[in-house]
Amino acid sequence: MRTLLFTAAIALTASVSSATVMEWPIGLGGNGHLYEAILVPGGVTWETARASAITRGGYLATLTSQAENDFVFQAVANDPNLWFGGSYGPWLGGSQPVGTPNPAANWSWVTGEVWSYTNWGVGEPNDGFGALDEHYLHFDNFADDPIPGSQWNDYRDDNVSPIISFVVEYPVPAPTTALAFVAFGLIHARRRSRE
């Protein structure tokens, strides 16, 4: 399964476009990490986005404070191409174990960072109002909200997902070209496969 996801992620790299890599500067209260929004016009599952982020040398963005959430949201909010139907925004690096009966229980970041800050939309997380298994995190503008914002939504991970983008976080200075991202990711994937 792991090999299949990395193969899908590498294939995905050829069919995506990325936005500008943005740094959240330490001098402005940030963490010095880089963030990149990746557009996948045909849609992308959370698991494939996660694997692709790893092959690029990063991970799905983990938003552990209001300031980080605001910074990343501002980086993706003004690009309508990243939002399906103006509502479904990019995948983020939060998930909960599949089959968790309580929609609000056991959420974690892909990095293992402490899950303490949240920015759920009103009534979220809710497992599709109890009708679905929704265990993956994304930005959602909640089109029916009077003021769209940077709220989170829980969502399912399947092939009919309308989510067409994800945000990669790089904890150290990352390569600056798409080709370098791919090469860096392949080296990282090969090292992991040898472990």
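Modeller: Before we start, one cut-off: a residue is buried under 20% relative accessible area, exposed over 50%, and partly exposed in between. And keep in mind that this is a predicted model.

Colleague: Okay, let's try it out. Why is Tyr88 called partly exposed?

Modeller: Tyr88 has a relative accessible area of 25%. Partly exposed lies between the limits of 20% and 50%, so Tyr88 belongs there.

Colleague: And what makes Phe84 partly exposed?

Modeller: The value for Phe84 is 41%, and that falls between the two limits as well, so Phe84 counts as partly exposed.

Colleague: What about aromatic pairs? How many does the structure hold?

Modeller: There are 17 aromatic pairs. Phe84 and Tyr88 make one of them, with ring centres 6.4 Å apart and planes at 55 degrees.

Colleague: Why is that pair called tilted?

Modeller: Centres have to lie within 6.5 Å to pair, and planes under 30 degrees apart are stacked while those over 60 are edge-to-face. With planes at 55 degrees, Phe84 and Tyr88 fit neither of those, so the pair is tilted.

Colleague: And what makes Trp109 and Trp115 a tilted pair?

Modeller: Their ring centres are 4.4 Å apart and their planes are at 40 degrees, so this pair is tilted too. Trp109 and Trp115 also sit in one aromatic cluster with Trp107, Tyr117, Trp120 and Trp152.

Colleague: How do you know that Trp109 is buried?

Modeller: Its relative accessible area is 3%. Buried means under 20%, so Trp109 qualifies.

Colleague: Let's turn to the cores. Which residues touch the most other members of the largest nonpolar core?

Modeller: Leu63, Leu92, Phe139 and Trp152 do, in a core of 22 residues. The elements giving two or more residues to this core are β3 (34-39), α3 (66-77) and β7 (136-140). Of these, α3 gives the most, with 4 residues.

Colleague: Which residues does Leu63 touch?

Modeller: Leaving aside residues up to four places away in sequence, Leu63 touches Glu68, Asn69, Val72, Leu92, Trp109, Tyr117, Phe139 and Trp152. Apart from the largest core lies another, of 15 residues, including Ile38, Trp46, Ala53 and Tyr136.

Colleague: What makes helix α2 mostly covered?

Modeller: In α2 (residues 46-55), 8 of the 10 residues are buried. Trp46 and Ala53 are among them, along with Ile54. Just after α2, Gly57 takes a positive phi of about 95 degrees.

Colleague: Which other residue has a positive phi, in the loop between β5 (88-95) and β6?

Modeller: That's Asn106. Its phi is near 60 degrees, a positive value in a residue other than glycine.

Colleague: Why is Asn106 called exposed?

Modeller: Its relative accessible area is 52%. Exposed means over 50%, so Asn106 makes the cut.

Colleague: Is Asp127 buried or exposed?

Modeller: Asp127 has a value of 6%, which is under 20%, so Asp127 is buried. Its phi is near 50 degrees, again a positive value in a residue other than glycine, and its place is in the loop between β6 and β7.

Colleague: What kind of peptide bond runs from Glu124 to Pro125?

Modeller: A cis one, with omega near -10 degrees. Pro125 also sits in the loop between β6 (108-109) and β7.

Colleague: And for the overall picture, how many helices and strands are there?

Modeller: The chain comes to 4 helices and 9 strands. Buried residues make up 49% of its 195 residues.

Conventions: Residues are numbered from 1 along each chain as its sequence is written. This is a predicted model: local features need pLDDT of at least 70, side-chain atom pairs count only at pLDDT 80 or more; totals for chains, interfaces and linings use all residues. Side-chain values use heavy atoms; hydrogens and water are left out. Buried means under 20% relative accessible area, exposed over 50%, partly exposed in between (1.4 Å probe, protein chains only). Rings of Phe, Tyr and Trp (its six-membered ring) pair if their centres lie within 6.5 Å; planes under 30 degrees apart count as stacked, over 60 as edge-to-face and the rest as tilted. A nonpolar core is a set of buried Ala, Val, Leu, Ile, Met, Phe, Trp, Tyr and Cys residues joined through side-chain atoms within 4.5 Å. Contact means heavy atoms within 4.5 Å.
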